[in-house]
Amino acid sequence: MYKPLVFLFVIALLFSSCQKEAGWKAAYHFNQPAAMWEETFPLGNGRIGLMPDGGVDTESFVMNEISLWSGSSQDANNPEAKKYLPEIRKLLFEGRSDEAQQLMYKGFICGGKGSGGGGGAKVPYGSYQLLGNLVINYRYDNESDTISSYCRELTLDNATASTVFKKGKVQYNRRSFTSFESDVAVIHLNTGNRGALNFSLGMNRPERAKVAAEGKTLTMKGQLYDGYSGDNGMRYGAKVSVVLPKDGELTTLSDTALSVNNATEAIVLVSMATDYFGKDVDEQLNSTLRAADKKNFATLEKEHIEAYKKLYDRVKVDFGHVPEKEIMPIDERLAAFNKDKNDPSLLALYYQFGRYLLISSTRQGSLPPNLQGLWANTINTPWNGDYHANINVQMNHWIAEQGNLSELHTPLIEWIKSLVPSGEKTAQDFYSSRGWVMHLLGNVWQFTAPGEHPSWGATNTAAAWLCEHLYTHYLYNPDKAYLADVYPVMRGAALFFVDMLVEDPRSHYLVTAPTTSPENAYYLPNGKAVSVCAGSTMDNQIVRELFNNTCSAAEILGVDKEFCDTLKEKCSRLMPTTLGSDGRIMEWLEDFKETEPHHRHISHLYGLHPANEISLDKTPELAEGAKKTLIARGDESTGWSMAWKVNFWARLHDGEHAWKLLTDLLRPCVEKGSNYAKGGGTYPNLFDGHPPFQIDGNFGGAAGIGEMLIQSQNGYVEFLPALPKAWETGFFEGIKIEGGGEASARWEEGKLLSFRLRPSVDRLFKIKMPNNAANIALSVNGLQLTDSFKNGMIEADLKANDELEVTM
């Protein structure tokens with residue numbers, strides 16, 4: 001797809017840098033076409049995606065549709081598994097965890113081939129896949145003319161990619177977007193010289209595709225592998241229509257390509273669809289394309305931008321500006337930032353890019369973003385592009401609430417609800433338990449069984465962690481009708497642990513057995529490394545949180561008092577989060593030595609983030625233990641791991657360390673293979689590098705920036721809890737807080753000057769004030785308040801849509 005690097009280098013010498021106008025906008029640019037996929041621009045409307053590479057002679061657009069998965073529904077449960085459970089637990093309680101793990105490999109794994117070892121495209125588990133490639137081959141009157149003034153840009157403010165260049169004396173302009181209104185991809189091509197636009201257009205896919213040109217349209221359709229017999233998988237399609245508003249001729253070049261000759265302007269419309277939700281592919285392709293065909297480009301673009309801005313414009317951030325850095329191409333800017341960190345608006349851009357990616361990769365009524373969000377360029381996406389549920393799919397949604405995109409949390413919520421029937425069968429077949437359970441692996445086919453390798457696949461608290469998102473959505477958007485809808489899901493997850501928890505005869509604590517501390521291992525006294533254990537610190541923190549949230553929900557709804565009494569009794573018998581002999585928080589329930597001291601997962605700090613069990617105010621000793629844990633773990637890691645650490649350090653109110661992790665996260669990354677230790681960073685198009693590309697780091701890094709600016713998880717709102725010196729002056733607007741409301745703030749020289757809070761519901765809000773706060777003036781809807789500031793805390797009883805304003 002991409003031109004040889006030597007050729008690109010020669011071409012790049014002919015390109016001039018983008019000429020940028022004065023003033024900052026949320027955008028980034030290159031002054032040459034993409035040399036690799038991770039330099040292309042991600043466009044998406046929450047369902048369909050497009051990634052243009054900006055090629056001059058040949059331009060490729062990778063097409064995606066969020067539901068396009070190979071594989072099919074399967075019963076991956078193993079009814080024989082529960083027969084092994086008593087012996088597995090016995091071995092664990094006798095300290096023979098290595099033997100327990102071997103026994104699990106024999107009988108306590110999923111039925112079938114599981115995720116296929118990450119090669120799910122050829123097994124029933126399936127893989128998220130690209131839909132295909134749209135390829136435009138351009139023809140020029142004088143092919144030997146040189147290229148100049150080349151610029152391609154992604155503008156986050158309007159979700160549009162553009163490419164502008166001159167070939168000889170002729171200027172060419174291209175704009176692309178995936179319409180939030182018309183639900184089609186739109187590619188607008190025009191030229192400054194009448195009739196100078198000539199190109200052919202085709203589509204392709206590595207496998208299982210048929211392309212046909214007919215009249216003014218081009219269609220590609222196929223059916224994916226179902227994992228069993230072959231051709232009974234998901235059906236998909238893409239259809240292209242070309243409109244010539246001014247002049248030119250559209251012809252059929254061949255059975256599989258269209259041709260445009262002597263045009264000044266062309267509009268390429270692309271519809272994409274699958275039958276995942278039970279709708280006919282052809283009907284979807286034709287109906288969306290017919291509706292879009294009736295609109296001119298100005299209308300298509302205007303409607304798209306207006307629909308997009310209803311989400312994007314809710315939040316603003318500003319950390320200051322260095323104009324000479326802001327006009328640099330993004331690849332050069334990232335390289336410069338790696339040497340000189342004085343580029344505050346790069347982090348504001350990164351925050352908004354995280355919000356942009358969520359807006360672009362999911363929407364109500366669709367699926368949640370997967371490991372690569374919406375974007376993939378292969379048949380077998382890394383790790384199947386699935387829903388890893390031991391942090392990754394959860395991290396994808398950390399920006400949803402604070403980033404004022406609450407409705408984009410609902411696809412995850414609906415997906416969680418869809419897992420319950422499968423999870424109930426898994427609970428019975430593996431644990432003889434009521435309720436429902438999910439392990440690490442998740443896909444669009446409701447896979448809930450343990451993975452094929454117990455060393456990572458035995459983690460059984462994924463459903464409990466996912467239920468945290470159900471309750472968090474309520475905390476940010478208090479609505480009893482919603483809470484009543486999701487409460488049975490939370491209750492079912494809690495019920496599973498009521499039955500599954502078992503007493504460890506050594507400590508007499510209740511434990512989850514068997515389980516793991518995700519993907520990490522420890523040394524037994526005999527020197528053997530093993531992953532499976534009887535209870536882990538993260539499991540305890542998650543189960544405690546699940547029980548507490550379920551009881552809180554039940555109390556709000558006025559139901560299930562006896563059940564909550566049971567949960568409280570069980571909760572009291574879980575081992576508390578404990579410091580080890582070295583002062584760090586123990587990862588397991590015994591003071592084991594980890595096999596990888598710098599492991600990417602820091603699961604035993606779940607209670608610090610995303611939960612609120614550990615805090616500086618309420619548990620200072622555990623907070624200090626968390627700090628020691630993070631120092632021992634180290635900073636350098638995979639992209640998503642460094643993003644999580646940003647959030648940890650923000651919760652510890654260490655803005656400088658959080659900032660340092662952000663700068664590490666933005667380290668230029670061009671590595672394409674897998675690196676589980678120290679390869680993390682950011683690709684040229686701002687995609688997070690695990691490596692390879694994994695979108696959770698983008699979302700987690702953006703959420704970490706939000707945590708540095710404002711926190712509300714401890715029962716009060718705290719502004720600028722982890723502000724680094726690099727953001728000495730700035731402001732934010734529209735970030736959401738727990739309890740229901742939006743907050744804004746301004747600061748100078750590192751000191752809070754003013755803030756505003758606008759609640760969405762009637763309630764009492766508490767705001768913790770900075771230690772240096774003085775000359776405080778409070779008003780609600782312009783009316784001055786007195787006697788509301790006591791003991792370093794403001795308490796304001798507000799009505800929905802009131803505006804509390806505080807200046808200092």
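The questions below concern the largest pocket, the nonpolar cores and a run of paired strands in this predicted model.

Q: What makes strand 27 and strand 28 count as a pair?
A: Two strands pair if there are at least two bridges between them, and strand 27 and strand 28 (residues 741-748) are joined over 6 bridges in the antiparallel sense, so they meet the criterion. One of the bridge partnerships sets G730 against W747 in strand 28, and in the hairpin, with 3 residues between the strands, G739 takes a positive phi near 100°.

Q: How do you know that strand 28 also pairs with strand 29?
A: The requirement is again at least two bridges, and strand 28 and strand 29 (residues 751-759), which run antiparallel, have 8 bridges, so this pair qualifies as well. S744 stands opposite R756 in strand 29, while E749, in the hairpin with 2 residues between the strands, has a positive phi near 50°.

Q: Why is it said that F719 touches S744 and R756?
A: Contact means heavy atoms within 4.5 Å, and S744 and R756 are among the residues that F719 touches, as are L709 and F732, when residues up to four places away in sequence are not counted. Inside the largest nonpolar core, which has 236 residues, L709 and F719 have the most contacts, and helix 14 (residues 480-500) gives the most to this core, with 13 residues.

Q: Which residues line the largest pocket closest to its centre?
A: Among the 48 lining residues, T472, L475, N612, Q713 and E738 are the closest to the centre of this pocket of about 970 Å³, and the lining divides into 18 nonpolar, 19 polar and 11 charged residues.

How values were computed
Residues numbered from 1 in each chain as written. Predicted model: local features only at pLDDT ≥ 70, side-chain atom pairs only at ≥ 80, totals over all residues. Heavy atoms only, no water. 1 Å grid on protein atoms, 1.4 Å probe; cavity = no way out; pocket = protein on both sides within 12 Å on 5 of 7 lines; lining within 4 Å. Points joined across faces, edges and corners; volume = space filled by probe spheres on them. Nonpolar A, V, L, I, M, F, W, Y, C, P; charged D, E, K, R; others polar. Core = buried A, V, L, I, M, F, W, Y, C linked by side-chain atoms within 4.5 Å. Buried < 20%, exposed > 50% of the residue type's maximum accessible area, 1.4 Å probe, protein only. Helix = DSSP H or I, 4+ residues; strand = E, 2+ residues; numbered from the N terminus.
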